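Me: I would like to go through the assignments in this structure one at a time, and to hear for each of them how the value and the criterion lead to the label.

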Amino acid sequence: MKIEIENITTENFAPFGYVLEFTQDMTEPFHIIVREEKDPWRLALLRFDWHSVERLENHPHSMESFEPLEGISVLFVSENSSPEKIRAFLLDKPVCLFKGVWHEVLALSSQAKVKITENLEVTAEYFNLKKPLQVFAGD
């Protein structure tokens, strides 16, 4: 399966979550993008060096942010109702996924690091792919 890697924009990432950035309509220096009142949350660092993806996961009860720190990575996502309709985004800016969005990351560099913010207790579901996803340069 060929999947084109897209640059993240507010518009093309909208089915999956929020792009964590200031926009022109945000006039105050402090702006809350996501607010979850009922669940405690955690910050985590994820270091990874895998260059193929064999499954996607989702968290039906938790939003999750991915914030690139080092290296170059791709974020694969698909909507909850259609995990086989995968899109790939160059993870070059922080994003926050909606609850239930299928996702996984892959390193394009030898290793990559991202910061993750999510609920303290996370339920995960998995979708095994028929073929591993890999990224190739060129045709």
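Reply: A convenient place to start is Glu 67, which in this predicted model has a relative accessible area of 18%.

Me: What makes Glu 67 count as buried?

Reply: The label is given to residues under 20% relative accessible area, and Glu 67 stands at 18%, so Glu 67 counts as buried.

Me: Why is the contact between Lys 115 and Glu 67 called a salt bridge?

Reply: The criterion asks for a side-chain nitrogen of Lys or Arg within 4 Å of a carboxyl oxygen of Asp or Glu; the closest N and O atoms of Lys 115 and Glu 67 are 3.3 Å apart, so the pair meets it. Lys 115 belongs to strand β10 and Glu 67 to strand β5 (residues 64-70), so the salt bridge ties together parts that lie 48 residues apart in sequence.

Me: How do you know whether Lys 115 is buried or partly exposed?

Reply: Its relative accessibility is 25%, and since buried means under 20% and exposed means over 50%, Lys 115 falls in between and counts as partly exposed.

Me: How many salt bridges does the structure hold, and which residue does Glu 6 meet in one of them?

Reply: There are 4 salt bridges, among them the one in which the side chains of Glu 6 and Arg 87 meet at 2.8 Å, N to O. Glu 6 sits in strand β1 (residues 5-7) and Arg 87 in strand β7 (residues 87-90), so this pair ties together parts that are 81 residues apart in sequence. Glu 6, at 19%, is under the 20% limit and therefore buried, whereas Arg 87, at 26%, is partly exposed.

Me: What makes the pair of Glu 118 and Arg 42 a salt bridge?

Reply: Their side chains meet at 2.6 Å, N to O, and because this is within 4 Å, the pair qualifies as a salt bridge. The two residues come from distant parts of the chain, Glu 118 from strand β10 and Arg 42 from strand β3, 76 residues apart. In general, side chains of opposite charge can pair when their charged atoms come close.

Me: Why is the contact between these side chains of Glu 118 and Arg 42 also called a polar contact?

Reply: A polar contact needs a pair of N or O atoms within 3.5 Å, one able to donate a hydrogen and the other to accept it; the side chains of Glu 118 and Arg 42 make such a contact at 2.6 Å.

Me: How do you know whether Glu 118 is buried or exposed, and which residues does Glu 118 touch?

Reply: The relative accessible area of Glu 118 is 10%, which is under 20%, so Glu 118 is buried. Not counting residues up to four places away in sequence, Glu 118 touches Trp 41, Arg 42, His 59, Ser 62, Met 63 and Glu 64. Arg 42, with a relative accessible area of 32%, is partly exposed.

Me: What makes β2 and β3 the edges of the sheet?

Reply: The open sheet has 5 strands in the order β2-β8-β5-β10-β3, with antiparallel pairing. β2 (17-19) and β3 (41-48) each have a single partner strand, so one side of each is left without a neighbour in the sheet. Neighbouring strands here are turned by 20° against each other on average, direction ignored.

Me: How do you know that β2 and β8 pair?

Reply: Pairing requires at least two bridges, and β2 and strand β8 (residues 95-97) have 3 bridges in the antiparallel sense, so they pair. In one of these strands, β8, Leu 97 is the bridge partner of Gly 17.

Me: Why is an aromatic pair called edge-to-face or tilted?

Reply: By the rule used, the count comes to 6 aromatic pairs. Phe 13 and Phe 89 lie 5.1 Å centre to centre with 80° between the planes, and since over 60 degrees counts as edge-to-face, that is their label. Phe 13 is in helix α1 (residues 10-13) and Phe 89 in strand β7, 76 residues apart. Phe 13 is buried at 0%, and Phe 89 is buried at 0%. The rings of Trp 102 and Phe 127 have their centres 5.9 Å apart and their planes at 55°, so this pair is tilted.

Technical notes: Residues numbered from 1 in each chain as written. Predicted model: local features only at pLDDT ≥ 70, side-chain atom pairs only at ≥ 80, totals over all residues. Heavy atoms only, no water. Helix = DSSP H or I, 4+ residues; strand = E, 2+ residues; numbered from the N terminus. Axes fitted to C-alpha atoms, helices over the stretch in contact; angles between N-to-C directions. Buried < 20%, exposed > 50% of the residue type's maximum accessible area, 1.4 Å probe, protein only. Contact = heavy atoms within 4.5 Å. Phe/Tyr/Trp six-rings, centres within 6.5 Å; stacked < 30°, edge-to-face > 60°.
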